[in-house]
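Trainee: I'm new to this one. Could you pick a single part and walk me through it slowly?

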Amino acid sequence: VLVVSEGNASNTNLVAARRDAVALDDPHMRHLRELAISSAGIEIVEKAAEPRSAIASYRALPSEPPTDLLNEALAQRGFQVLVPIHQQDGVYLEEMEWVDAVSGAPIARSTAEFRALAVPVVFTPALAAGRDGSRIGKGKGFYDRFFAGLPRHPGGPLRVAIVGPSELFESVPTDSHDEPVDHTILG
């Protein structure tokens with residue numbers, strides 16, 4: 001049983017472990033991970049969403065499990081892919097805004113506007129996740145605040161965390177404001 005303790009689940013430790021893993025990653029392995037993420041993500045979306053629905057994803061940073069192929073595959077299948085904007089002109093936004101991943105057009109400027117879209121699936125980044133639905137983000141709380149404004153699945157979107165191979169545990173420590181996820185994709 002894998003259990004993360006408070007001591008080894010700090011954001012600093014998780015970021016350092018991710019940085020070390022990325023340093024060892026070669027392009028071929030990253031591509032294989034990207035294929036696995038895309039395949040698992042498409043399977044989830046096809047079960048949970050109507051054709052041509054809007055799906056919320058994100059553009060992964062180089063240090064995060066890759067999402068480009070997932071986003072491209074969703075768009076090729078006719079889904080509208082929404083990605084968040086966390087800051088504008090170097091200033092963090094109070095709420096995430098969502099734009100169309102292909103056109104860049106603004107779609108939802110607040111959680112309330114996003115909620116009105118009835119998006120069935122939200123892919124979320126995480127530093128670590130637990131099989132029990134616990135999730136550790138990067139520490140700024142964007143997704144926790146966002147998820148707190150949405151109903152839980154099945155009344156709200158299916159929340160899907162994407163983590164690296166060494167970032168999935170039985171459980172990770174959470175605080176009262178931390179919002180859980182419904183599924184985790186390992187990539």
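Mentor: Sure, and one definition gets us going: a residue is called buried when its relative accessible area is under 20%, and exposed when that figure is over 50%. Keep in mind that this is a predicted model.

Let's take helix 3, which covers residues 68-76. Which of its residues are buried? They are Leu 70, Asn 71, Ala 73 and Leu 74. Those residues span an arc of only 165 degrees around the axis, so they sit on the same side of helix 3. And what do they pack against? The partners are helix 2 (27-48), strand 1 (54-56), strand 2 (80-88), strand 5 (121-125) and strand 8 (158-163). After helix 3 comes Gly 78, which has a positive phi near 95 degrees.

Now follow one of those partners, helix 2. It has 22 residues and runs 31 Å from its first C-alpha to its last, close to the 32 Å expected at 1.5 Å a residue. At its N-terminal end there is a cap: a side-chain oxygen of Asp 26 lies 2.9 Å from the backbone nitrogen of His 28. The buried residues in helix 2 are Arg 33, Glu 34, Ile 37, Ser 38, Gly 41, Ile 42, Ile 44 and Val 45. Looking down the axis of helix 2, you'd find them within an arc of 165 degrees, so they line one face of the helix. Turn to the face pointing away from that buried side and you meet the exposed residues His 28 and Lys 47. The cover over the buried residues of helix 2 includes helix 3, strand 1, strand 5, strand 8 and strand 10 (183-186).

Strand 5 turned up beside both helices, among the partners of helix 3 and in the cover of helix 2, so let's use its residue range, 121-125, as a stepping stone. The side chain of Thr 124 makes a polar contact with the side chain of Arg 135, at 3.4 Å. The backbone oxygen of Pro 125 is 2.7 Å from a polar atom of the Arg 135 side chain. Arg 135 itself lies in strand 7 (residues 135-136), and with a relative accessible area of 4% it is buried. Leaving aside neighbours within four places in sequence, Arg 135 is in contact with several residues, including Tyr 143, Asp 144 and Glu 179.

Tyr 143 takes us on to the rings. It is buried, with a relative accessible area of 5%, and Phe 146 is buried too, at 2%. Tyr 143 and Phe 146 are three residues apart in helix 5, about one helical turn. Ring pairs link Tyr 143 and Phe 146 with Trp 98, Phe 114 and Phe 147 into a cluster.

A search of the whole structure gives seven aromatic pairs. In one of them, the rings of Tyr 92 and Phe 142 have centres 5.7 Å apart and planes at 40 degrees, so the pair is tilted. Tyr 92 belongs to strand 3 (residues 91-100) and Phe 142 to helix 5 (residues 142-148), so this pair ties together parts 50 residues apart in sequence. Tyr 92 is partly exposed at 46% relative accessibility, whereas Phe 142 is buried at 12%. Last stop: the charged end of Arg 145 sits over the ring of Phe 142, 5.2 Å from its centre.

Note on methods: Residues are numbered from 1 along each chain as its sequence is written. This is a predicted model: local features need pLDDT of at least 70, side-chain atom pairs count only at pLDDT 80 or more; totals for chains, interfaces and linings use all residues. Side-chain values use heavy atoms; hydrogens and water are left out. Rings of Phe, Tyr and Trp (its six-membered ring) pair if their centres lie within 6.5 Å; planes under 30 degrees apart count as stacked, over 60 as edge-to-face and the rest as tilted. Helices (H or I, at least four residues) and strands (E, at least two) are DSSP runs, numbered from the N terminus. Buried means under 20% relative accessible area, exposed over 50%, partly exposed in between (1.4 Å probe, protein chains only). A charge sits over a ring if NZ of Lys or CZ of Arg is within 6 Å of the ring centre and within 35 degrees of the ring normal. The arc is that of the directions from the helix axis to the C-beta atoms. Contact means heavy atoms within 4.5 Å. A polar contact is a pair of N or O atoms within 3.5 Å; within protein, one must be able to donate a hydrogen and the other to accept it, and residues adjacent in sequence count only if both atoms are side-chain atoms. The expected span of a helix is 1.5 Å times one less than its number of residues.
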